[in-house]
Amino acid sequence: MPWSRIPDHLRLRPVPVLYLDLDGTVREGKDDPLGRFVNGPEDVRVFPAAVEMMRRWKAGGGRVIGVSNQGGIALGHVTTAQVVAAMSETQRQADSLFDRIAWCSHHPKAAGPEWARCWCRKPAPGLLIQAAVSLGAECGEYYPPHLGLMVGDRSEDMLCAHRSGLDFEWAADWRARAGEQRSAAK
Ligand SMILES: [Mg+2]
Ligand SMILES: [Zn+2]
C-alpha cells in the first residue's frame, strides 16, 4: 500500500485538541465587563480561569488552538495590524499556551466577494480544519475530532463544533470548572 494511502490515524500520533473561541471565552468581549469589541492590544483582558483550563489541557499532552471571527477587518473597523497585535497580547497574557491562533478576516456584509465569502467564518468549519491540518503537519501529529473539544460563548461556536465533529462546552461552564476542580483536589 503506498505511504500516502495509509490513513493519518495509523501513521501519526493522535493528539487531543482544545479549540477556543477568543472573545467572551478566553478574553473579555462585548457581553463581559469590557462591554465592546476587542480592537487593539489595549483591549485585551484574558480570563485567569481560561488560562488555568488551558494549562490543564496541555498538561495532559494536548494542543490548544484559538479560533476567532474577526470580520471587523473586512468591514474596515479594524486593521490586520491591530488584530495581529491583539493576538500577540492575548498569547502573552495566556502564558504562551496557544499552539496556534487562527482568525477569519471575512464578513458577509463586506463589499467585495473576496472579503464577503469564505469557508472559515464560524459556524463554517474551515478555520478549525485549516489550523488543525497545518499544525498537525508541522508537529507530525493527527487530531481526531472525537478527542477534541470546542469551547465558545455563541451559538455559531456550538454549530461550528457540531459541523467539525467536536464536542462543545459553553465558555462560562468551562471557566467555572477551573475553580471546581481546584477545590475538589484539596
Ligand atoms: Mg465569542
Ligand atoms: Zn473567513
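Leaving aside neighbours within four places in sequence, which residues is C118 in contact with? They are C104 and H106. This is a predicted model.

## The listed binding site

UniProt, in an unreviewed entry, lists C104, H106, C118 and C120 under "binding site". These residues are spread over 17 residues of sequence, yet they cluster in space. Their largest C-alpha distance is 8.4 Å.

C118 sits in the loop between α5 (113–116) and α6 (126–139). C120 is found in the loop between α5 and α6. C118 has 19 other C-beta atoms within 10 Å, and a residue needs 20 or more to be buried, so C118 is partly exposed. C120 is partly exposed, with 19 other C-beta atoms within 10 Å. Setting aside neighbours within four places in sequence, C120 is in contact with C104, H106, G126, L127 and Q130.

## Strand β3 and its partners

Strand β3 covers residues 63–69. Seven of its seven residues are buried, so β3 is largely enclosed by the rest of the structure. In a regular strand, side chains alternate between the two faces of the sheet. In β3, R63, I65, V67 and N69 point one way. V64, G66 and S68 point the other way.

β3 pairs with strand β2 (residues 17–20) in the parallel sense, over four bridges. Here L20 stands opposite G66 of β3. Strand β4 (residues 100–104) also runs parallel to β3, and five bridges join them. In that pairing, I65 stands opposite R100 of β4. A helix completes one part of the picture: β2, helix α2 (residues 48–59) and β3 make a right-handed β-α-β unit.

## The listed active site

Which residues does UniProt list for "active site"? The unreviewed entry gives D21 and D23. D21 lies in the loop between β2 and α2. D23 is found in the loop between β2 and α2.

Are D21 and D23 buried or exposed? D21 counts as buried because it has 24 C-beta neighbours inside 10 Å. D23 has 25 such neighbours inside 10 Å, so D23 counts as buried.

Contacts link these residues to β3. Not counting residues up to four places away in sequence, D21 touches V67, S68, V151, G152, D153, D157 and A171. On the same basis, D23 touches G29, V38 and S68. S68 is buried in β3, and S68 is touched by D21 and by D23.

Note on methods: Residues numbered from 1 in each chain as written. Chains lettered and ligands numbered in written order. Predicted model: local features only at pLDDT ≥ 70, side-chain atom pairs only at ≥ 80, totals over all residues. UniProt positions renumbered as here; feature names shortened; annotations may be inferred. Helix = DSSP H or I, 4+ residues; strand = E, 2+ residues; numbered from the N terminus. Buried ≥ 20, exposed ≤ 12 C-beta atoms within 10 Å, placed from the backbone. Contact = placed C-beta atoms within 7 Å. Pairing = 2+ DSSP bridges. Right-handed = clockwise from strand over helix to strand, strands pointing away.
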